[in-house]
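The following paragraphs lead the reader through the side-chain interactions of a single model. Please keep the sequence and the coordinates in view while reading.

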Amino acid sequence: PTRRSSDLEVTMLLRCEGGNFAAPTWLPTLQGVAVLQEGGQDIQWLLQADGTAVTLAPDGVWAHAALNGGDDGDGSVIISGGYGGTMPCVSTEADMLGTALQLPLDVAGGLGSSVMHLMALSNGRLLAGLEDGRLLILSVEEEPLTLATGVFNLVGTCMSDDDKNLYLCSNGAMRRCAVDLDAGTCSAFETLTLDLASEPTCVAIDTSDNLFVGSTDGVTVFSPDGDAVARASTPAPVAGCCFGGLSFSDLYVAAGDTLWRLKTNAQGVRPPSSAFLKQMDKLAAAGDYVHEGW
């Protein structure tokens, strides 16, 4: 069904009786969204463009994120984390769905603590939130960098379009810090005062720095100044959200046993792929004009 909730048009995409969806992740190569099925947290679903849902491996998934795979950027893999800090991954190619691949990140021996949250960063990196409170930057080419410690109960993160500000939902509050991903450093955390009736459960951001914050009541959109500008209610507490769609302007929301799509007039932030950044480097080396925002 499609309905209007406050200022946003809301469409239900998937319902699984008795389910408990979380952590939606958009997969551009398949034009579909993957979600975790909590309660044992051993099932991944992939809702494809044709509306079908299939089960993915592996079992024991507590968090996941999608990364572009290969130098051409045409493929994607889902990096998943779980108990003990192990991080297997699965292919999302249509002809290899669920096929185990070699992990592109050198953390096969584990991270020493369970992976509770993952988010894709620019240049093929990952942000990993661990049960012991560490916030790590994982990279193919570098050793893990500790961005922060003491970050517990992390349930949502997003990064501003310029890669300079990190937003976190942790310990029942929305916080922000300035980061340098290359150096692996961040400033002291600043707690944001937002007009929410309950604790934030997830967050996404658009290219204009508007925050889309999930809670037990639904999704609230906040301007960069912290003013609530739109709201959409959901029949169950929101457990995760992400931008996706052809123009990256649809917000996918996991709430209880349902998955919803919210049409927006914004464009969500997405980290550029490694292939895109390599192409920009080639253009710069050749002396071609490169847009200031790249």
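A residue is called buried when its relative accessible area is under 20%, exposed when it is over 50%, and partly exposed in between. The model discussed here is predicted. By that scale Cys186, with a relative accessible area of 25%, is partly exposed because its value falls between the two limits.

The cysteines offer a convenient starting point. The structure holds zero disulfides. Cys186 takes part in no disulfide, and the nearest cysteine sulfur, which belongs to Cys177, is 4.3 Å away. Cys202 is likewise in no disulfide, the nearest cysteine sulfur being that of Cys241 at 3.4 Å. Why do these distances not count? A disulfide requires a pair of cysteine sulfur atoms within 2.5 Å, so the 3.4 Å between the sulfurs of Cys202 and Cys241 does not meet the criterion. As for its surroundings, Cys202 counts as buried, at 3% relative accessibility.

The next topic is the nonpolar interior. In soluble globular proteins, nonpolar side chains tend to be buried together. The largest nonpolar core of this model has 31 residues, and Phe212, Leu251, Val253 and Leu262 are those with the most contacts inside it. Which strand supplies the largest share of this core? Strand 24 does, with five residues. Val253 may serve as a guide to the packing: neighbours within four places in sequence aside, Val253 is in contact with Val219, Thr234, Val238, Gly240, Cys241, Thr258, Leu259, Trp260 and Leu262. Phe212, another of the residues with the most contacts in the core, is buried at a relative accessible area of 4%.

Aromatic rings come next. A search of the whole structure finds two aromatic pairs. In one of them, Trp26 and Tyr252 are stacked, with 5.3 Å from centre to centre and 20 degrees between the planes. Trp26 lies in strand 3 (residues 21–27) and Tyr252 in strand 24, so this pair ties together parts of the chain that are 226 residues apart in sequence. Trp26 and Tyr252 are both buried. Phe212 and Phe243 have ring centres 5.0 Å apart and planes at 85 degrees, so their arrangement is edge-to-face. Here too the pair links distant parts of the chain, since Phe212 belongs to strand 20 (residues 211–214) and Phe243 to strand 23 (residues 238–244), 31 residues apart. Phe243 counts as buried at 4% relative accessibility.

Rings also appear beneath charged groups. The charged end of Arg175 sits over the ring of Phe189, 4.6 Å from its centre. Arg270 lies over the face of Phe248, at 4.5 Å from the ring centre.

Charges also meet one another directly. How many salt bridges does the structure hold? There are six. One of them joins Asp257 to Arg15, with the closest N and O atoms 3.6 Å apart. This pair links distant parts of the chain: Asp257 is in the loop between strand 24 (250–255) and strand 25 (258–263), Arg15 is in strand 2 (residues 8–15), and 242 residues separate them. The two partners differ in accessibility, for Asp257 counts as buried at 14%, whereas Arg15 is exposed with a relative accessible area of 52%.

A second salt bridge connects Asp195 and Arg231, whose closest N and O atoms are 3.0 Å apart. Asp195 lies in the loop between strand 18 (190–191) and strand 19 (202–205), and Arg231 in strand 22 (residues 228–233), so the bridge ties together parts that are 36 residues apart in sequence. Arg231 counts as partly exposed, at 33% relative accessibility. In a further salt bridge, Arg134 meets Asp132, the closest N and O atoms being 2.9 Å apart. Arg134 is partly exposed with a relative accessible area of 24%, and Asp132 is partly exposed at 34%.

A loop residue completes the route. Asn210 is found in the loop between strand 19 and strand 20, and its relative accessible area of 18% makes it buried. Asn210 and Pro224 are 14 residues apart along the chain, while their C-alpha atoms are separated by 5.3 Å. Not counting residues up to four places away in sequence, Asn210 touches Ala204, Ile205, Val221, Phe222, Ser223 and Pro224.

Conventions. Residues are numbered from 1 along each chain as its sequence is written. This is a predicted model: local features need pLDDT of at least 70, side-chain atom pairs count only at pLDDT 80 or more; totals for chains, interfaces and linings use all residues. Side-chain values use heavy atoms; hydrogens and water are left out. A salt bridge is a side-chain nitrogen of Lys or Arg within 4 Å of a carboxyl oxygen of Asp or Glu. Helices (H or I, at least four residues) and strands (E, at least two) are DSSP runs, numbered from the N terminus. Buried means under 20% relative accessible area, exposed over 50%, partly exposed in between (1.4 Å probe, protein chains only). Rings of Phe, Tyr and Trp (its six-membered ring) pair if their centres lie within 6.5 Å; planes under 30 degrees apart count as stacked, over 60 as edge-to-face and the rest as tilted. A charge sits over a ring if NZ of Lys or CZ of Arg is within 6 Å of the ring centre and within 35 degrees of the ring normal. A nonpolar core is a set of buried Ala, Val, Leu, Ile, Met, Phe, Trp, Tyr and Cys residues joined through side-chain atoms within 4.5 Å. Contact means heavy atoms within 4.5 Å.
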